[in-house]
Amino acid sequence: MKEPIKTICPKCNKEYVGCPSLSRVDNETLICPDCGTREALESIGVSTDEIEKIIGIIDENRPKNT
Ligand SMILES: [Zn+2]
């Protein structure tokens with residue numbers, strides 16, 4: 001059994017497991033997939049309200065890491 005690697009996201013300070021996203025802000029910080037999605041949506045001009053809705057939908061459809 002492989003231990004999942006847990007990482008603290010420097011952007012939201014939440015612990016996440018799995019593949020990190022590269023921040024678009026400086027192209028070197030590794031952030032959680034949620035923040036990666038958030039930055040991608042911000043970069044195309046999606047409003048904060050819409051972003052939170054989209055992240056919520058993604059979370060509901062993601063298999064749980066428990
Ligand atoms: Zn994050």
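## Helix contact

In this predicted model, Asp 34, Thr 37, Arg 38, Leu 41 and Glu 42 of helix H1 meet Ile 51, Ile 54, Ile 55 and Ile 58 of helix H2. Sorted by class, the residues of this contact are 5 nonpolar, 1 polar and 3 charged.

Helix H1 covers residues 33-43 and helix H2 covers residues 48-61. Their axes come within 10 Å and cross at roughly 145°. The crossing of H1 with H2 is right-handed.

## Overall layout

The two helices belong to a protein that has 2 helices and 4 strands. In sequence order the pattern is β-β-β-β-α-α. Along the principal axes, the C-alpha atoms fill a box of roughly 40 × 30 × 15 Å.

The protein has 66 residues, of which 11% are buried. Among contacts with a separation of 6 or more, 7% are between residues 24 or more positions apart.

## Nonpolar core

Which residues form the largest nonpolar core? This core has 5 residues, namely Cys 9, Tyr 16, Ile 31, Cys 32 and Cys 35.

Ile 31, one of these core residues, also appears in several of the details below. Leaving aside neighbours within four places in sequence, Ile 31 is in contact with Cys 9, Pro 10, Lys 11, Pro 20, Ser 21, Ser 23 and Gly 36. Cys 9 is thus listed both in the core and among the contacts of Ile 31.

## Cys 19 and Ser 23

Cys 19 is found in the loop between E2 and E3. Is Cys 19 buried or exposed? Cys 19 counts as exposed because 11 C-beta neighbours lie inside 10 Å, and a residue is exposed at 12 or fewer. From Cys 19 to Ile 31 the separation is 12 residues in sequence and 9.3 Å in space, C-alpha to C-alpha.

Ser 23 sits in the loop between E3 and E4. Ser 23 is partly exposed because 17 other C-beta atoms lie within 10 Å. If residues up to four places away in sequence are not counted, Ser 23 touches Thr 29, Ile 31 and Glu 39. Glu 39 falls in helix H1, residues 33-43. Ser 23 and Arg 62 are 39 residues apart in sequence, and their C-alpha atoms are 21 Å apart in space.

## Two asparagines with positive phi

Most residues other than glycine have a negative phi. Asn 13 has a positive phi, near 60°, and is not a glycine. Where does Asn 13 lie? Asn 13 is in the loop between strand E1 (6-8) and strand E2 (15-17). Asn 13 counts as exposed because it has 8 C-beta neighbours inside 10 Å.

Asn 27 also has a positive phi, of about 60°, although it is not a glycine. The loop that holds Asn 27 runs between strand E3 (21-22) and strand E4 (30-31). Asn 27 is exposed because 7 other C-beta atoms lie within 10 Å. Ser 23 is likewise placed in the loop between E3 and E4.

Definitions and conventions. Residues numbered from 1 in each chain as written. Predicted model: local features only at pLDDT ≥ 70, side-chain atom pairs only at ≥ 80, totals over all residues. Buried ≥ 20, exposed ≤ 12 C-beta atoms within 10 Å, placed from the backbone. Core = buried A, V, L, I, M, F, W, Y, C linked by C-beta atoms within 7 Å. Contact = placed C-beta atoms within 7 Å. Axes fitted to C-alpha atoms, helices over the stretch in contact; angles between N-to-C directions. Left-handed = near helix turned anticlockwise from the far one by under 90°. Nonpolar A, V, L, I, M, F, W, Y, C, P; charged D, E, K, R; others polar.
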